[in-house]
Amino acid sequence: MIDVIVPVYLGHEQTRRCLDSVLANRDAGVIEVVVVDDASPEPALAAYLDTLSRNGSIALLKNETNRGFVESVNRGMSVHPDRDVVLLNSDTEVAAGWLERLAACAYREPDIGTVTPFSNNATICSYPFDGWTGGVPGTLGLPGLDRLIATTNAGRHIEIPTAVGFCMYIRRACLEAVGVFDVARFGRGYGEENDFCLRARAAGWRSVLAADTFVFHQGSVSFGGERNELQRIGLKRLLDAHPGFLDALGDFSHRDPVAPLRRAIDDARYALGGNERDEVLCEQGTRRVAPAGSSGAVQLHFTHSWDGGTNRWIADFCAHDAERRNLVLRSVSNRDFACWRLELLDPDALAAPLMHWDLERPISATDAWNLEYRLILDQIVATFDIRAIVVSSLVGHALEALDTGLPTVVVLHDLYPFCPAMFAAFGQPCSECDTAALERCMRGNPHNAFWHNTDTGFWLGFREAYAKRLDRPWIRFAAPSASAWDRWLQLFPAIASRTCKTIPHGLAPLERVAATGCTRKPEATRKLRLVVPGRLLPHKGLALFAEVVPRLLAHAEILLLGCGRFGDPFGDVEGITVVRHYAREDLARHVEGFMPDAALLLSVVPESFSYTLSEMLWLGLPVIATRIGAFSERIQEGLDGLLVAADADAVVAAVERLARDSELLSTLKQGARSRPARTVTQMVTDYHALLPLADRPLAGAANHAGQTRGALGLTIRAARERTRLEDDCRRQQVLLGEARECNQQLEAQLAAAQRRCAESDSRASKSEADCDAMRRSRSWRITAPLRLVTRALRRMFGSATAVAGGEGRNNERADLVRPNNDGRFVLSDDSDVRIAARVNLRERLAIPGRSRIVLGWSSSAGSAFAARFLHVAIAIGATRNDVFFVIRGDVGEIAPAEDRRLALLIVTRRLFVEPCDGAVSDTLLGADVVVLDAGDPLGRILKAEPSRSGPEVVVLAPASVEGDGGAAAMSHDIQQVSPGDADRVIGALLDHIGSEKA
């Protein structure tokens with residue numbers, strides 16, 4: 001008997017097709033189908049499995065809670081410890097004789113441990129080639145293609161570096177020798193089968209491809225939106241355990257020993273003639289043809305390395321541009337600079353950069369002039385024969401991007417670089433930005449959180465230079481909405497003479513929700529269902545949503561879909577469902593599963609377009625949105641959505657209106673479903689019409705084009721090799737670092753042991769001298785009879801004396817504190833120690849080097865101090881964007897309202913909570929102001945000295961202490977401030993510290 005183990009979580013229809021195919025093509029005396037239901041959230045799927053179990057078709061194991069793929073597989077493999085097993089994904093389909101051929105292959109040689117068949121979606125085991133993205137190739141269907149393959153490659157197999165987990169036959173002897181999958185390392189899944197095969201190889205077992213079997217595999221149904229993150233984590237853990245895996249896999253792909261087996265199948269299909277012959281030619285043509293646009297003229301995109309709509313737009317553009325080749329020049333930022341590295345990418349060729357340059361002088365925001373940048377850009381333009389420029393973002397670039405003389409379009413995705421806050425909003429959308437407004441914005445606008453290395457004078461001078469560059473005749477403008485261009489003209493009159501083409505973004509293909517998916521008959525007693533799509537970032541309305549939530553839940557259930565970490569403050573709120581991440585291809589499934597009545601978009605800054613709005617309308621959902629920016633332009637009030645003011649009362653009123661007016665809701669749903677969709681291809685066509693290509697020189701044009709294509713090919717190969725070498729280097733650096741760390745630990749242990757030995761020798765010598773002196777003393781001679789009696793009693797009754805532990809060892813005191821004359825301690829004044837602590841703390845928190853840190857320190861840590869410190873953080877954070885807050889210790893149980901405010905500060909990375917048991921020297925020394933709880937022991941041992949370099953130390957008095965208009969000096973020279981005065985006093989201290997310490 002062989003156990004076919006099918007772990008199941010999501011995908012009712014896929015699982016039904018899988019099990020139907022297995023049950024229809026089995027020998028009941030040879031196969032037992034073991035299904036592991038991993039607490040599926042789909043009722044229809046669970047009911048289907050129960051039916052099969054009751055009629056004896058399958059053996060059904062049910063996990064009471066979702067335990068993940070790896071643990072479910074291990075449970076299935078342990079049911080019958082004497083049987084071989086086949087791990088079969090629930091999104092596969094099999095044909096007649098599939099298992100018999102796999103089993104025959106497994107026992108063809110004694111050291112074969114695992115067997116994988118061909119599939120349409122199985123990486124190195126894919127047919128017609130690795131990278132094929134279609135379903136079952138050709139016109140024969142799964143049964144016909146499998147029969148042809150079984151005949152063509154009968155009995156043939158080839159060794160592969162790893163099995164592929166969609167369909168994996170494992171011999172029991174191999175399983176017993178190697179052990180089950182590693183749950184501790186791989187958790188919910190991805191990488192576990194590779195790890196098993198590599199462990200099996202080390203134990204003498206091989207993995208092979210059964211070239212005479214084909215199994216259909218749809219791919220990644222069970223993992224859903226978790227797939228990308230699980231793949232990333234799984235790969236890292238796999239490489240930690242097996243550093244050489246990717247090299248072995250790359251070598252196998254380069255040699256491609258599977259090619260003759262694939263070619264034999266192609267030849268057999270080609271010989272059939274007719275449509276099947278045409279399909280083979282089409283497949284091989286697809287394989288040989290370069291990616292879309294690769295043979296056309298080259299245009300260069302400028303962007304940054306951040307996530308968001310801008311890079312989504314570029315990715316869509318490149319993927320759907322069939323006429324031109326698109327290269328991307330992106331800036332790579334860190335916590336202090338908008339660009340320390342430039343990377344050139346070819347999205348059609350590979351994800352890794354083709355080339356990169358580490359800048360000698362990093363770019364703080366955007367440079368008006370930068371010779372190093374210009375030389376790099378000239379090199380790119382000349383090498384790749386750039387014919388057009390598309391500027392989507394100048395974050396981390398220089399204005400030389402506008403100086404090439406090539407046809408250039410500036411795409412106005414946001415208000416940068418005119419507005420350092422990106423969105424031209426400070427409390428409300430800005431209508432102007434003079435020197436005074438910019439000064440206030442640089443200091444206090446929460447959206448202006450990136451450019452702490454710049455000042456108002458920089459931006460005023462930059463705007464003048466930018467206006468002059470934009471006046472060049474080869475510069476064109478495009479905006480995704482008319483309102484986006486209107487805002488530019490309003491804020492930046494220097495470009496009033498220019499014109500702009502409105503080109504709305506297109507939407508890449510997206511699965512639609514079934515017509516009934518978001519349509520439920522109104523019921524008088526039920527609540528509305530609202531979906532809030534996308535990242536719930538501060539500028540997307542995080543604070544506004546937090547304000548309206550208590551009132552909305554009286555009328556609606558809410559789904560936060562793709563909110564990221566910003567949904568964490570609402571994860572335990574009844575009536576709110578949080579889905580932090582999802583894959584775009586799963587958007588329709590999530591929406592259909594929730595069956596919402598409408599979407600809620602609460603941006604508090606004017607959107608230039610909004611992909612989420614497009615997606616919601618495409619899915620047939622009416623939208624309640626704030627009446628600012630592109631929302632007011634794109635939503636037809638009363639027809640496919642409602643527009644509201646960006647305040648809590650207006651939002652709640654709109655939801656209440658929908659909740660009581662079912663006729664209006666039906667009208668809006670019909671209007672949303674009838675909206676036409678704009679495609680990316682249409683968008684690309686519009687941009688081509690706006691942006692002509694530069695003329696290529698006539699002399700040697702063909703030769704130059706050939707050189708360009710050759711340069712691209714060489715660069716791509718060099719980039720791949722560089723990526724491989726960099727991976728090798730990183731692995732070697734990790735190993736070297738581990739070796740150094742181990743060596744340091746051993747040296748420290750040796751030094752400590754030597755010190756203990758020296759101390760022991762010293763104590764032993766002293767003890768021996770003391771013993772000799774004591775034995776020579778008169779008292780020793782007098783007490784000799786007493787000692788004899790004592791020894792006799794011990795021999796008679798035993799010893800009841802407990803031996804107490806020896807001397808404790810004094811730990812070395814770090815340079816954190818040093819003694820003072822009056823017995824207290826002050827923080828170290830060693831400049832090197834303080835600078836290192838300051839840098840380390842900001843690196844650990846990943847915040848800019850010039851930022852200010854206010855540390856809330858409570859040795860006992862508790863809710864009372866946490867609440868008072870939270871109020872201080874909110875008050876100061878409301879007026880300053882360069883101050884971050886750290887509270888050390890457990891914040892304890894605080895009031896629900898304060899708990900929500902605390903969570904919002906944490907997810908927006910304005911406040912960090914550090915445990916009490918962590919290293920404290922960097923935290924204490926690196927802060928600018930340390931706020932102590934009243935009566936904290938640290939306050940009694942620290943002495944505040946105005947002359948020292950910081951941090952400033954204050955004590956936050958209990959809430960019962962009234963404000964006295966300032967700070968009071970305590971007996972040990974540390975200031976005590978009342979809660980009401982704390983934000984003003986601490987703010988004054990931060991100003992007093994001065995920028996020289998940054």
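**Exercise 1. Describe the chain as a whole, beginning with how much of it is buried.**

Solution. Of the 998 residues in the protein chain, 50% count as buried, where buried stands for under 20% relative accessible area. The model is a predicted one, and its chain holds 33 helices and 35 strands. The next step is to ask how the contacts are spread along the sequence: among those between residues at least 6 apart, 73% join residues at least 24 apart. Turning to the outside, the accessible surface comes to about 45200 Å², and carbon and sulfur atoms account for 53% of that area.

**Exercise 2. Work out the strand order of the open sheet of eight strands, and find which strands stand at its edges.**

Solution. The order across this sheet is β14-β13-β12-β11-β15-β16-β19-β20, and the pairing is mixed. The edge strands are β14 (355-363) and β20 (501-502), each of which pairs on one side only. Within the sheet, β15 (residues 386-391) and β16 (residues 408-411) run parallel and are joined by three bridges; in this pair, V391 stands opposite V410 of β16. A helix can then be added to the picture, since α14 (residues 371-383) packs on the sheet and touches β11 (298-304), β12 (325-332), β13 (339-345), β14 and β15. The direction of α14 makes about 160 degrees with that of β14.

**Exercise 3. State how many cavities of 30 Å³ or more the structure holds, and name the residues closest to the centre of the second largest.**

Solution. There are five cavities of 30 Å³ or more, and the second largest has a volume of about 90 Å³. This second largest cavity is lined by 13 residues, of which S392, S393, V410, V411 and Y416 are the closest to its centre. V410 has already appeared in the previous solution, as the residue of β16 that stands opposite V391.

**Exercise 4. Analyse the open sheet of six strands, and explain why one side of each edge strand lacks a neighbour in the sheet.**

Solution. The strands follow the order β23-β22-β21-β24-β25-β26, with parallel pairing. At the edges stand β23 (576-579) and β26 (641-644), and because each has a single partner strand, one side of each is left without a neighbour in the sheet. From one strand to the next, the twist averages 20 degrees. As an example of the pairing, β25 (residues 623-626) is joined to β26 by four bridges in the parallel sense, with V623 opposite G641 of β26. Helix α19 (residues 587-594) packs on this sheet, where it touches β21 (528-533), β22 (556-561) and β23, and its direction makes about 165 degrees with that of β22.

**Exercise 5. Explain why strand β30 is described as largely enclosed, and identify its bridge partners.**

Solution. Strand β30 covers residues 883-888, and six of its six residues are buried, so the strand is largely enclosed by the rest of the structure. The side chains can be sorted by direction: V883, F885 and I887 point one way from β30, whereas F884, V886 and R888 point the other way, and all of them are buried. As for strand partners, β29 (residues 852-857) runs parallel to β30 and is joined to it by six bridges, one of the pairs being G856 with I887 of β30. A further parallel pairing, over four bridges, links β30 with β31 (residues 911-914), and here V886 has F912 of β31 as its bridge partner.

Conventions: Residues are numbered from 1 along each chain as its sequence is written. This is a predicted model: local features need pLDDT of at least 70, side-chain atom pairs count only at pLDDT 80 or more; totals for chains, interfaces and linings use all residues. Side-chain values use heavy atoms; hydrogens and water are left out. Helices (H or I, at least four residues) and strands (E, at least two) are DSSP runs, numbered from the N terminus. Buried means under 20% relative accessible area, exposed over 50%, partly exposed in between (1.4 Å probe, protein chains only). Contact means heavy atoms within 4.5 Å. Accessible areas come from the Shrake-Rupley method with a 1.4 Å probe; for residues, only the protein chains shown count as cover. Two strands pair if DSSP finds at least two bridges between them. Axes are lines fitted to C-alpha atoms, for helices over the stretch in contact, and angles run from 0 to 180 degrees between N-to-C directions. On a 1 Å grid over the protein atoms alone, a cavity is a set of points where a 1.4 Å probe fits but cannot get out, and a pocket is an open set with protein on both sides within 12 Å along at least five of seven lines; lining residues have an atom within 4 Å of a point. Grid points are joined across faces, edges and corners, and a volume is the space filled by probe spheres set on the points.
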